[in-house]
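Grab a pencil and work through the exercises below with the model open beside you. Each one sets a task, then walks through a solution.

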Amino acid sequence: MPRLKMVTASQWYSEFYKAYYKDGKIQALENKTKLTDSQWTDGFREFLRRLAGSLGYEVVTEHKAHGGQRFDQTWSKPGETIAIEYENDYTTILSEVKKLCSTNSRLRVLITYCPERNFLSEILNIAQHTIAPEIDKRLGDFSGEFLLIAGGYEWNDWSAIRMVLKAQLDPIRL
């Protein structure tokens, strides 16, 4: 990808998707049998580090967020910060969503996994009932994009949903 000043959610996902299938280390890890969540998380963290480097970002792992919480990774380069959380269990992502919504990073990325049964409806449910309400609570404070990326537990393809604030109130005073 050309070194853009500010990367969009769509551009980020495109680079993520291409790199994922070209990265020999993550593909070898994915093909392993009897892989623990911890092994996958460590390997995925390193994949994201390689991706960040290839896109010209410096990675800060466990960067402090608002309220003393920590992000899994924060990518930065002059004038731009991307906050990233990855969670293996899609049913426990609310705290990650809240954390991501509270940052002033222009791009927030949440990566998780859903069961193959009702996969698309689960992703849409997460977007509509977990992420959207948290964005809406920050009317006036939230700017930029929220990118939800989900993969299946048993198959290795990814889907993504980009979200932005639905409305912004701007009272006009006479």
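**Exercise 1. Work out how E4 and E5 are joined, and which way they run.**

Step 1. Eight bridges link E4 to E5, and the two strands run parallel. Strands pair if DSSP finds at least two bridges between them; strands (E, at least two residues) and helices (H or I, at least four) are DSSP runs, numbered from the N terminus.

Step 2. For one bridge, look at threonine 112, whose partner in E5 is alanine 150.

Step 3. Now follow the chain: it leaves E4, passes through helix H5 (residues 119-136) and arrives at E5, a right-handed β-α-β crossover. Right-handed here says that, with the strands pointing away from you, the path from the first strand over the helix to the second runs clockwise.

Before going on, a word on the model: it is predicted, so local features need pLDDT of at least 70 and side-chain atom pairs count only at pLDDT 80 or more, while totals for chains, interfaces and linings use all residues. Residues are numbered from 1 along each chain as its sequence is written, and side-chain values use heavy atoms, with hydrogens and water left out.

**Exercise 2. Find what E5 pairs with through six bridges, and decide whether E5 is covered or not.**

Step 1. Strand E6 (residues 158-163) is joined to E5 by six bridges, and this pair runs antiparallel. Leucine 147 sits opposite arginine 162 of E6.

Step 2. Check burial: eight of the eight E5 residues are buried (under 20% relative accessible area with a 1.4 Å probe, protein chains only; exposed is over 50%, partly exposed in between).

Step 3. Split E5 by face. Glu145, Leu147, Ile149 and Gly151 are buried on one side, and Phe146, Leu148, Ala150 and Gly152 on the other.

**Exercise 3. Name the residues with the most contacts inside the largest nonpolar core.**

Step 1. A nonpolar core is a set of buried Ala, Val, Leu, Ile, Met, Phe, Trp, Tyr and Cys residues joined through side-chain atoms within 4.5 Å. The largest has 28 residues, and Trp12, Phe16, Phe44, Leu48, Trp75 and Ile111 have the most contacts inside it.

Step 2. Ask who supplies it: E4 and E5 are among the elements giving at least two residues each, but H3 gives the most, with six.

**Exercise 4. Which side chains make polar contacts with arginine 45?**

Step 1. Arginine 45 lies in helix H3 and is partly exposed, at 23% relative accessible area.

Step 2. Its side chain has a polar contact of 3.0 Å with that of aspartate 42, and one of 3.3 Å with that of tyrosine 86. Such a contact is a pair of N or O atoms within 3.5 Å; within protein, one must be able to donate a hydrogen and the other to accept it, and residues adjacent in sequence count only if both atoms are side-chain atoms.
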